[in-house]
Amino acid sequence: MIARREILGLFAVLTTSSGSLRADLRGAGRRRGSSRHDVAFVGCRRGPDGAYWMTALDPVGEALFDLQLPDRGHGVAVHPRLPLVAVVARRPGRFMHVVNLREGTVIAQAKTPPGQHFQGHACFSPDGRRVLATENAYEAGVGLVGIYDALRGYERVGQFDAHGIGPHEIIWGRDASEVIVAVGGIRRHPDYGAAKLNLDSMRSSVVRLDARTGALRERLESPEDPSTLSLRHLALDQEGAVLVAAQHQGARTDPVALLHRQHATTLRGRRTGRRFEQAVRHYAGSVAVSGGIAGVTHPRGDAVSLWHLARKHHRIVEGLEDVSGIAPHGDRGQFVLSGGTGWTAVLDARDGSLVNWRSSDGWAWDNHLVAV
């Protein structure tokens with residue numbers, strides 16, 4: 001249980017004046033009519049002028065406010081108790097902003113040490129005292145998990161080994177003593193842009209780490225080929241099993257599962273069929289779970305695959321242009337989706353129907369949405 005003094009410290013962080021931090025922003029939060037107390041989803045997007053923003057949405061996907069970021073944002077970590085989120089830069093960015101959703105203001109900023117950059121994702125600890133973020137020490141080609149202390153203004157206070165190259169999404173396990181990291185296996189360096197520098201030797205896995213020491217508890221690999229299948233994004237199902245969305249780095253003719261689920265000490269793939277896998281170019285964007293159904297986005301095929309986890313069957317919804325962001329909308333098999341051409345919608349996985357379609361000309365959503 002979190003101690004009283006720790007709760008007071010967290011609220012102090014939440015309510016501290018952010019005037020000096022606001023001065024560092026290139027733009028203030030853009031207000032709209034609804035109350036900030038209605039925030040239900042958060043994501044990052046690019047505006048018509050090329051600037052980057054964090055955007056808060058209400059329960060039906062209407063934008064409530066935008067907060068300008070210094071560069072492209074990617075993942076968003078949600079505080080377990082307070083109306084706070086941590087917005088993390090996309091690789092090779094070095095910024096993380098902690099945002100008060102009630103006020104639409106940045107209350108803290110953090111960055112990686114020189115020679116390291118964020119890998120796009122982070123998570124709060126269950127007590128809210130720490131943020132753990134995946135990082136790349138790019139000169140050495142080493143994957144790390146950086147530790148940021150909320151009670152010290154989100155100062156970076158340590159790190160531990162991610163036990164692999166290219167760690168990407170990180171989530172807290174069902175057991176509060178561990179974190180789970182999707183180790184994508186791909187080495188990159190800012191000097192070489194988006195080039196993948198080790199495809200001849202890459203090895204991807206999902207690792208369970210002791211959240212206190214970083215010790216490796218378990219390594220899960222795909223029974224297919226961990227040297228070509230990059231495991232990137234994570235969710236937990238209702239039973240606490242890990243779901244993993246993958247991106248294949250091998251031949252486009254290869255048969256490959258893009259969704260995996262943990263079974264005992266291994267991962268087991270769920271196949272959609274070779275024709276669909278080739279149509280989506282062997283690429284899964286994000287994964288989320290609602291009501292026993294897993295939703296996986298496929299932006300390169302304008303589609304979402306929906307998996308009924310207990311019955312082991314799936315449905316495909318197509319015609320969703322550049323769809324990538326997905327977040328659970330409650331626990332009855334509904335999801336909020338976002339697309340790289342600026343739209344959002346609510347998808348009912350039970351019948352494949354779409355409602356609350358909204359489009360913003362000139363805007364482009366990044367890869368992920370989170371429910372708050």
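Which residue in E28 does Thr344 stand opposite? The residue is Arg358. The model is predicted, and this pair is a convenient place to enter it, since Thr344 belongs to a strand whose surroundings can be followed in some detail.

The strand in question is E27. Trp343 and Trp357 lie in strand E27 (residues 343-348) and strand E28 (residues 353-359) respectively. Five bridges join E27 to E28, and the two run antiparallel. Besides the pair of Thr344 and Arg358, Leu347 stands opposite Leu354 in E28. The hairpin of E27 and E28 has four residues between the strands, and Gly352 there takes a positive phi near 80 degrees.

On its other side E27 pairs with strand E26 (residues 334-339), again in the antiparallel sense and over five bridges. Here Leu337 has Ala345 of E27 as its bridge partner. Three residues separate the strands in the hairpin of E26 and E27, where Gly342 takes a positive phi near 100 degrees.

These strands belong to an open sheet of four, in the order E25-E26-E27-E28, with antiparallel pairing. Strand E25 (323-328) and E28 are the edge strands, each pairing on one side only. From one strand to the next the twist averages 20 degrees.

In a regular strand, side chains alternate between the two faces of the sheet. In E27, Trp343, Ala345 and Leu347 are on one side and Thr344, Val346 and Asp348 on the other, and all are buried. The strand is thus mostly covered, with six of its six residues buried.

Aromatic contacts come next. The structure holds four aromatic pairs. In one of them, the rings of Phe124 and Tyr154 have their centres 6.3 Å apart and their planes at 90 degrees, so the pair is edge-to-face. Phe124 lies in strand E9 (residues 116-124), while Tyr154 is in the loop between strand E11 (142-149) and strand E12 (155-161), so the contact ties together parts that are 30 residues apart in sequence. Both Phe124 and Tyr154 are buried.

Another pair brings the text back to E27. The ring centres of Trp343 and Trp357 are 4.5 Å apart and the ring planes are at 10 degrees, so this pair is stacked. Because Trp343 is in E27 and Trp357 in E28, the pair ties together parts that are 14 residues apart in sequence. The two residues can also be described by their accessibility: Trp343 is buried, with a relative accessible area of 2%, whereas Trp357 is partly exposed, with a relative accessible area of 46%. A further contact with a ring involves a charge: the charged end of Arg45 sits over the ring of Trp363, 3.8 Å from its centre.

Strand E7 (residues 95-100) also has six of six residues buried, so it is largely enclosed by the rest of the structure. Phe95, His97 and Val99 point one way from E7, and Met96, Val98 and Asn100 point the other way. Strand E6 (residues 84-89) pairs with E7 in the antiparallel sense over five bridges, and the bridge partner of Val87 in E7 is His97. The hairpin formed by E6 and E7 has five residues between them. E7 is also joined by six bridges to strand E8 (residues 105-111), which runs antiparallel to it; in E8, Ala110 is the bridge partner of Met96. Four residues lie between E7 and E8 in their hairpin, and Gly104 in the turn has a positive phi of about 70 degrees.

Another open sheet of four strands has the order E13-E14-E15-E16, with antiparallel pairing. Strand E13 (167-172) and strand E16 (216-220) stand at the edges with a single partner strand each, so one side of each is left without a neighbour in the sheet. The twist here averages 20 degrees from one strand to the next. E13 pairs with strand E14 (residues 178-183) in the antiparallel sense over four bridges, and Trp172 stands opposite Val179 in E14.

E14 also contributes to the largest nonpolar core. Of the 28 residues in this core, Val206, Leu231, Leu234, Leu243, Val244, Val287 and Val296 touch the most other members. The elements that give two or more residues to it include E14, strand E17 (229-236) and strand E18 (242-248). E18 supplies the largest share, five residues. Beyond residues up to four places away in sequence, Leu231 touches a set of residues including Ala182, Val183, Val206, Leu220, Val244 and Leu267.

Key: Residues numbered from 1 in each chain as written. Heavy atoms only, no water. Pairing = 2+ DSSP bridges. Axes fitted to C-alpha atoms, helices over the stretch in contact; angles between N-to-C directions. Phe/Tyr/Trp six-rings, centres within 6.5 Å; stacked < 30°, edge-to-face > 60°. Buried < 20%, exposed > 50% of the residue type's maximum accessible area, 1.4 Å probe, protein only. Lys NZ or Arg CZ within 6 Å of the ring centre and 35° of its normal. Core = buried A, V, L, I, M, F, W, Y, C linked by side-chain atoms within 4.5 Å. Contact = heavy atoms within 4.5 Å.
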